[in-house]
2 protein chains.
Amino acid sequence: MPPYDPSAFPPFAVTVDLVVLTVRKHALCALVVRRGEAPFQGKWALPGGFVRPDEDLSTAAARELTEETGLCAHTPEAPATANGAHLEQLATYGDPDRDPRMRVVSVAHLALAPDLPAPRAGGDARHARWSPVEELLGTTAGGRRTELPAEPLAFDHGTILGDGVERARSKIEYSSLATAFCPPEFTVGELRRVYEAVWGVVLDPRNFHRKVTGTPGFLVPTGGTTTRQGGRPAQLFRAGGATLLNPPMLRPEV
Amino acid sequence: MPPYDPSAFPPFAVTVDLVVLTVRKHALCALVVRRGEAPFQGKWALPGGFVRPDEDLSTAAARELTEETGLCAHTPEAPATANGAHLEQLATYGDPDRDPRMRVVSVAHLALAPDLPAPRAGGDARHARWSPVEELLGTTAGGRRTELPAEPLAFDHGTILGDGVERARSKIEYSSLATAFCPPEFTVGELRRVYEAVWGVVLDPRNFHRKVTGTPGFLVPTGGTTTRQGGRPAQLFRAGGATLLNPPMLRPEV
DNA sequence: GCAAAAGTGTTTACGATACACCCATGT
DNA sequence: ACATGGGTGTATCGTAAACACTTTTGC
């Protein structure tokens with residue numbers, strides 16, 4: 001590649017920002033990190049960083065995800081990593097004023113992860129933590145705005161987080177993506193609680209069970225059972241090969 | 001904004017590329033332009049160009065669209081322009097090798113336009129034209145690959161076009177976007193032919209009619225009628241306020 | 001009259017909902 | 001025994017698919 005010629009085109013900084021979502025304690029949570037420097041010093045922000053000169057966008061996103069969480073990414077190219085998370089491109093944000101220092105175009109990515117012990121970053125909860133998206137956005141799970149968030153995110157990261165949450169909420173309707181929030185083996189009830197947390201609704205356990213077990217390729221039984229939720233032992237499943245759900249899961253009216 | 005400091009971050013060129021789709025003669029077509037310079041000189045490519053230093057990404061896309069077609073964009077911010085087209089961000093492509101000259105990140109946008117007289121660019125069909133997406137991609141409307149395209153698009157524009165077509169095909173299922181392919185006033189039959197062209201299927205005219213006229217807010221009758229399709233005069237409609245279709249239009253199995 | 005497209009009515013099938021009910025474990 | 005969550009059966013309702021049929025124009 002020829003050397004950079006500043007007269008040929010306007011130079012931009014390109015970053016990747018990550019919306020990393022998980023379900024903890026029946027609430028949809030996002031990973032946020034504390035900013036150590038200006039601007040927005042001390043504010044919470046989405047994890048992210050510069051794209052390197054010879055790195056693809058998805059590679060940069062996977063690298064940032066691993067650096068922040070230790071997770072490996074399930075991309076279409078490498079679908080079956082251990083301890084993996086779903087990772088997909090979300091949207092790109094390039095308002096000229098979104099960063100006061102310089103012109104930055106951020107390619108946001110969406111990652112879905114199972115419940116993890118605790119964020120890395122030295123294990124210091126002051127530098128990285130999972131926060132309920134309700135608190136970060138000031139909305140209910142149904143999408144209604146309640147009040148302004150107590151601690152707004154830095155830059156336009158509130159907008160990015162909102163778009164990522166909206167993507168996740170709509171995509172679990174017609175794809176098997178909800179299983180990305182679950183550990184490798186999970187019960188139907190655990191999967192149902194994922195839907196309930198992400199959508200902020202209560203689903204009928206009986207109809208949900210029939211629906212997901214009746215969709216070919218969605219769930220495959222592993223043979224094992226568990227009583228970790230109490231009550232009668234539940235069958236364990238893992239995600240099947242199907243990625244598209246037809247007919248889709250129906251999200252109740254809000 | 002401080003001046004550019006090359007030591008602070010790797011510099012990228014940022015462009016917008018446009019997937020402009022329309023329905024002509026019962027076929028889904030895309031706008032392509034002939035490249036006048038290397039690389040890929042003489043090949044067909046998607047229209048696009050550099051983002052200017054103080055321009056938002058959506059502004060740059062709308063500017064390129066107007067330059068190439070004379071269309072104004074219907075964005076969420078300015079929804080009601082005359083002779084307008086739907087415009088939305090599609091995805092961002094940043095493979096380090098996608099442009100042999102330098103590191104270029106392209107923010108692709110998707111535009112849907114009604115059937116237009118002929119492309120601009122001086123009215124010269126050798127420099128810009130509408131081509132059926134089947135020919136450009138080498139696939140059938142159902143999505144099956146038939147053969148390699150006779151004239152592959154420059155750069156990774158074949159991939160971008162494929163993603164844009166896929167977005168359009170899925171989005172008309174659950175939104176009123178198909179009306180963006182129609183003139184301001186249209187008949188139910190014309191709208192049905194849009195769905196048939198985009199999906200490459202044949203739909204039952206009777207069930208289609210009941211479905212679209214029965215969805216509140218989708219279509220509003222203007223009172224006029226037309227016989228431009230032959231047969232019994234058909235009512236004219238314009239797009240209603242509803243943007244989301246619930247329940248969605250069901251795409252037949254392919 | 002005939003062709004062509006618009007529009008209505010009717011039958012059938014399938015999936016979603018609601019909910020009664022039984023099952024298998026922990027305490 | 002009883003609470004808890006897992007899982008099955010069944011009636012009802014709404015929407016989609018299939019298709020017979022009528023309406024209104026042009027030729």
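A salt bridge, as counted in these views, is a side-chain nitrogen of Lys or Arg within 4 Å of a carboxyl oxygen of Asp or Glu. By this rule, 25 salt bridges are found over all chains. Please keep in mind that the model shown here is predicted.

**Figure 1. A salt bridge in chain B joins B:Arg24 and B:Asp115.** The side chains of this pair come together with an N to O distance of 3.1 Å. B:Arg24 belongs to strand β1 (residues 13–24) of chain B, while B:Asp115 sits in the loop between β7 (104–112) and β8 (128–132) of chain B, so the pair ties together parts that are 91 residues apart in sequence. B:Arg24 has a relative accessibility of 22% and counts as partly exposed. B:Asp115 is partly exposed as well, at 44% relative accessibility.

**Figure 2. B:Arg251 forms a salt bridge with B:Glu173.** Here the closest N and O atoms are 4.0 Å apart. B:Glu173 lies in helix α3 (residues 157–174) of chain B and B:Arg251 in the segment after β10 (234–239) of chain B, so this pair ties together parts that are 78 residues apart in sequence. With a relative accessible area of 21%, B:Arg251 is partly exposed. B:Glu173 is also partly exposed, with a relative accessible area of 22%.

**Figure 3. Within helix α4 of chain B, look for B:Glu196 and B:Arg192.** Their side chains meet in a salt bridge, 3.4 Å from N to O. Both residues lie in helix α4 (residues 188–199), four residues apart, which is about one turn of the helix. Are these two residues buried or exposed? B:Glu196 is buried, with a relative accessible area of 6%. B:Arg192 is buried too, with a relative accessible area of 14%.

**Figure 4. In chain A, salt bridges link several residues into a network.** The members to find in this view are A:Glu55, A:Arg63, A:Glu64 and A:Glu67.

**Figure 5. DNA strand C meets residues from chain A and chain B.** There are 23 residues around this strand, and A:Arg206, A:Asn207, A:Lys211, A:Arg232 and B:Arg206 come nearest. Three polar contacts are worth finding in this close-up. A polar side-chain atom of B:Arg210 lies 3.0 Å from a base oxygen of DNA strand C. In the side chain of B:Arg232, an N or O atom is 3.1 Å from a base nitrogen of the strand. For B:Gln235, a polar backbone atom is 3.0 Å from a phosphate oxygen of DNA strand C. The elements giving two or more residues to the surface near this strand are α5 of chain A together with α4, α5 and β10 of chain B. Which element supplies the largest share of the surface near DNA strand C? That is α5(A), with four residues. By class, the surface near DNA strand C has five nonpolar, eight polar and ten charged residues. Of the strand's atoms within 4 Å of the protein, 51% belong to sugar or phosphate and the rest to bases.

**Figure 6. DNA strand D also has residues of chain A and chain B around it.** Of the 23 residues around DNA strand D, those that come nearest are A:Arg206, A:Gly231, A:Arg232, B:Arg206 and B:Lys211. A polar side-chain atom of A:His209 lies 3.4 Å from a sugar or linking oxygen of the strand. The bases are reached as well: an N or O atom in the side chain of A:Arg232 is 2.8 Å from a base nitrogen, and a polar side-chain atom of B:Asn207 lies 2.9 Å from a base nitrogen. At least two residues of the surface near DNA strand D come from each of α4 (188–199), α5 (205–214) and β10 (234–239) of chain A and α5 (205–214) of chain B. Among these, α5(B) gives the most, with four residues. The surface near DNA strand D is made up of five nonpolar, eight polar and ten charged residues.

**Figure 7. The second largest pocket has a volume of about 580 Å³.** Its lining comprises 22 residues, with A:Arg35, A:Gly48, A:Gly49, A:Arg101 and A:Phe155 lying nearest the centre. Two or more lining residues come from each of β1 (13–24), β2 (27–34) and β4 (48–50) of chain A. The largest share, three residues, comes from β4(A). Sorted by class, the lining has eight nonpolar, six polar and eight charged residues.

Key: Residues numbered from 1 in each chain as written. Chains lettered and ligands numbered in written order. Predicted model: local features only at pLDDT ≥ 70, side-chain atom pairs only at ≥ 80, totals over all residues. Heavy atoms only, no water. Near = heavy atom within 4 Å. Polar contact = N/O pair within 3.5 Å; in protein donor to acceptor, adjacent residues only side chain to side chain. Nonpolar A, V, L, I, M, F, W, Y, C, P; charged D, E, K, R; others polar. 1 Å grid on protein atoms, 1.4 Å probe; cavity = no way out; pocket = protein on both sides within 12 Å on 5 of 7 lines; lining within 4 Å. Points joined across faces, edges and corners; volume = space filled by probe spheres on them. Buried < 20%, exposed > 50% of the residue type's maximum accessible area, 1.4 Å probe, protein only.
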